[in-house]
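Visitor: I would like to learn how to read a structure like this one, starting from a single helix and working outwards. Could we look at it together?

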Amino acid sequence: MTFALIKYLPTTANVPFIRGRMIALGFSALLIAFSLFEFASVGINFGIDFRGGIQTEVETGAETTTEDLRTVAAALNLGEPRIQEAGNQLQESRTFFVSLPLQPGEGNEAELANQAAREALEAALTENFADLTVRGTTVIGGAVSQELVVTGFTAIGVALFLMLIYIWFRFEWQYSLGAIVALIHDVILTVGMFSVTQMTFDLATVAAILTIVGYSMNDTVVVYDRIRENLRKYKKMPLSEVLNLSINDTLSRTILTSLTTLAALISLYMIGGASLEGFAFAMIWGVLIGTYSSIFVAAPILLFTEVQREGTQPS
Amino acid sequence: MLYFGRWKLLAIFVVILAGVLYSLPNFVPEDVRYEIDEAAGTSEPRGIWRFIPSSTVNLGLDLQGGSHIAFQVDMDEVRTAQLEGLAADARQTLRNEQLLPRSVAVIGEEVVVLLIREEQRDQAFESLRQLNGPVTTVSGQPGLAQMYDMRRDPDDPGAIRIGVTDEQFEAIKERTLRQSITVIRRRIDGLGTTDPTIARSGDDRILVQVPGAEDPQQIIDLVGTQAALSFHLVDNTVDPGPNGQARVPPGRTIYPVANTQPVQYLAVETRQLLTGENLTSANVTTHPSYTGPVVGFRLDTQGALVFGDITTNNRGRQFAIVLDDEIITAPRINEPILGGSGVIGGGYTYDTASQLVILLNAGALPATLTPVEQYTISASLGRDQIESGKLAIMIGFAAVIVFMVVAYGVFGVFSVTALLVNVVLILGGLSGLGMTLTLPGIAGIILTIGMAVDANVLIFERIREEVQHGRTPANALQAGYERALAAILDANITTFIAAAVLFMLGAGPVRGFAVTLGIGIVTSVFTAFVFSRLLAVLWLRGFKPKQLPI
């Protein structure tokens, strides 16, 4: 085979990434500010795992609307129902998630009331729509949902911490700092994206964020690895040029890996079904910003933290 | 880097062969692999499958359909029951010693004994100490700590305070959980479903997973019922009042009667003549005195003797069978019943009678269980999720194949072959390690397919650079693999950390994502660094190219 197109992609690109660092950092700062603002003002559409309550996944005929379902669910007087349609179904039927809030009461009473509400909701839906099938139900009690919130956020925290420790061992602390800034950047922008789109943020999203963190770290490490190598190789070259060279050296790899990962994720988003939609969406977004942050955030930060070259003493 | 010793080659071959063997059953229909005898309900591997692995990947409930319910065990109730039992024992002990207490009461987390005469406190303390002893651990061995923490109240010369030690409470909790799991298993088995999972989860929860169950309420009814059964004599001289709220003399209790409209009440003697533990078996049957099905029961030898005595001595009176604070039947004793068997009747359908039979045969739960988390997936949704998952894997895979081959030509073919081996190894790993594949797990596989080529890309890009620096093909290959190793390891270890954290902290199906992602990382480093290198080396030896085509 002689048609390897990669030949046309130069191994030594020379894009002046570092020169544009102020624009990139400014852009990132703006996005972060916007994300935090959205998060504070609009908030996040938490999924059933974190909110607690009752949710059913129903499949209906094409003519059933969100409003029809809402009317029936609201008539139960079990709290304000939420109806959400799953988007990318390649079928004639439609799939909706119909949910009710946690039922009031103390301890076990509330738990039993949740189960009763689930039964009432299922019965009401199947009675009122002839072509409706209940395909799945979920009930998460108040105590469990709070635990899930705690474990979810602990998981993100613990993972970030462990990765930093690892980077700190493998590189110097300056790299560690650059990596964490990039990671926090990614996490905040992902949360911001979920505020803007109001897509459901659930346990699967936490899994996605952790994977994004892993992926972005992966990208960052590859660039850092090259920076460290080039710092040894070109002892006289100014730091900013070494950074730029390293980003360019690894550029074709960064692009190719992102593209294959995106290809797999888009397939998951389009075909993987209603329950994986949020996960795939978060991952696609995460791969994009993870790639961006490794180039435009993680590497330029090293200019500010003044990485040491081997054999030289800190001034 | 370019030389593979004989043993290394053998090791690579063995790993891949194991992966292929363990993943193979997933591609062969079950009736080819197993001799299924439906009448006997058994299935035996047939032919070659007797000698090679024949089991497929375990599918999570979200892929095969079924119900998952987490029950909370009410440990406060267990603690209260323990303290009340202790108070009763203390009362009895003091009465036996003629040391009359003013009161023995549960106050907060302690039993407080107040004596009428303060000078008797030391004597009372000594006799109460008989109640104490080392904790009996779950294994049945005496533990290091004592069961109770007993002390004389320093502020009140007539008071003794008895608390339950933490060790004792831990042992009781443990016993309660184990006993509950045994009872639940017997109850669920009574439903006749296949492969239910009943396991503890955390400190005070029990997880029940029943594949194929589409009605969670059936399981909730079955597990959420304590099924504490007791026999009492009815006291018709006490008026229970219209709402069962009347004040009753000591030793009497009022219970509602099941299936009465409006609800009727009866006062019974609090003393339990028999309990569910005296029951040896129950079954659905019929009886001439009742229309519809009734529940027949048999008592053990001791129970039969007691029952015989009661029915002989109390002819003409009513006795009540109480299940979870509700009278389920209260027949009049017309003649002595000496055989130790009887029926509970009145208003049962076949289903409700069967349910009661399952509950009675399985025994009572030691505590109340409340469902706190439940999800149910219909089998059809499970099937759809598998189908869409498979399709997404294939399309994702195809996209990556096209991509890599177009970009890297023959080297792309190596990486794609390595990727194929990778997926086979993931499947083999899941089957061989007995892990469960969930829908997020499928997402993990797809993600791995996208990310696994990263290691190859890193290597190929290195090789490209080395070629441009004017190295010979063999040299460039050598240097490329050598230099890419550090970056590959660093990059994969960080992602592996994320997977490990998710596995340890994650709940339910999300854990399945961590499993496939974690296995995928290990296999992708292996396939990229070892297997694709082998392919590249073989190609180099076979074709001896003057220059590398990338």
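Guide: Let us begin with helix α1(A), in which A:Arg21, A:Ser28 and A:Ser35 are buried. This is a predicted model, and everything I describe is computed from it.

Visitor: Where around the axis of α1(A) do these residues lie?

Guide: The general idea is that an α-helix has 3.6 residues a turn, so residues three or four places apart point the same way. In this case the three buried residues cover an arc of only 55° around the axis, which puts them on the same side of α1(A). The face turned away from that buried side carries exposed residues, among them A:Met22, A:Ile23, A:Leu30 and A:Phe37.

Visitor: What do the buried residues of α1(A) pack against?

Guide: They pack against two other helices of chain A, namely α6 (173-197) and α10 (277-305). As for the helix itself, α1(A) spans residues 21-41 and reaches 30 Å from its first C-alpha to its last, close to the 30 Å expected at 1.5 Å a residue. After α1(A) comes A:Gly43, which has a positive phi, near 85°.

Visitor: How many helices and strands does chain A have?

Guide: Chain A has 10 helices and four strands, and if you follow the elements from the N terminus on, they run α-α-β-α-β-β-α-β-α-α-α-α-α-α. The chain is divided into domain 1 (15-46 + 145-305) and domain 2 (53-140), whose C-alpha centres lie 36 Å apart. Of the 315 residues in chain A, 51% are buried.

Visitor: How would I tell whether a residue in a strand, such as A:Phe97, is buried or exposed?

Guide: One counts the other C-beta atoms within 10 Å, and 20 or more make a residue buried. A:Phe97, which lies in strand β3 (residues 94-100) of chain A, has 21 such neighbours and therefore counts as buried. Leaving aside its neighbours within four places in sequence, A:Phe97 is in contact with A:Gln55, A:Glu57, A:Gln84 and A:Ala86.

Visitor: How many residues apart in sequence are A:Phe97 and A:Ile83, and how many Å apart in space?

Guide: The two are 14 residues apart in sequence, while their C-alpha atoms are 5.7 Å apart in space. You can make the same kind of reading in chain B, where B:Gly441 is found in helix α12 (residues 439-468). B:Gly441 and B:Pro509 are 68 residues apart in sequence, yet 7.6 Å apart from C-alpha to C-alpha. B:Gly441 is buried, with 29 other C-beta atoms within 10 Å.

Visitor: How many residues of chain A and of chain B are in contact with each other?

Guide: The size of an interface is often given as the accessible area lost when the parts come together. Here we count residues instead: 64 residues of chain A are in contact with 67 residues of chain B. Several elements of chain A each supply at least two residues of the side that touches chain B, including α4 (107-128), β4 (133-140) and α5 (142-170). By class, that side of chain A has 36 nonpolar, 21 polar and seven charged residues.

Visitor: Which strand of chain B pairs with β4(A)?

Guide: β4(A) pairs with strand β22 (residues 369-377) of chain B, in the antiparallel sense and over five bridges. To find one of these pairings in the view, start at A:Ile140, whose bridge partner in β22(B) is B:Glu373.

Notes
Residues numbered from 1 in each chain as written. Chains lettered and ligands numbered in written order. Predicted model: local features only at pLDDT ≥ 70, side-chain atom pairs only at ≥ 80, totals over all residues. Expected span 1.5 Å × (residues − 1). Buried ≥ 20, exposed ≤ 12 C-beta atoms within 10 Å, placed from the backbone. Arc of directions from axis to C-beta. Contact = placed C-beta atoms within 7 Å. Nonpolar A, V, L, I, M, F, W, Y, C, P; charged D, E, K, R; others polar. Pairing = 2+ DSSP bridges. Domains from an automatic or database assignment.
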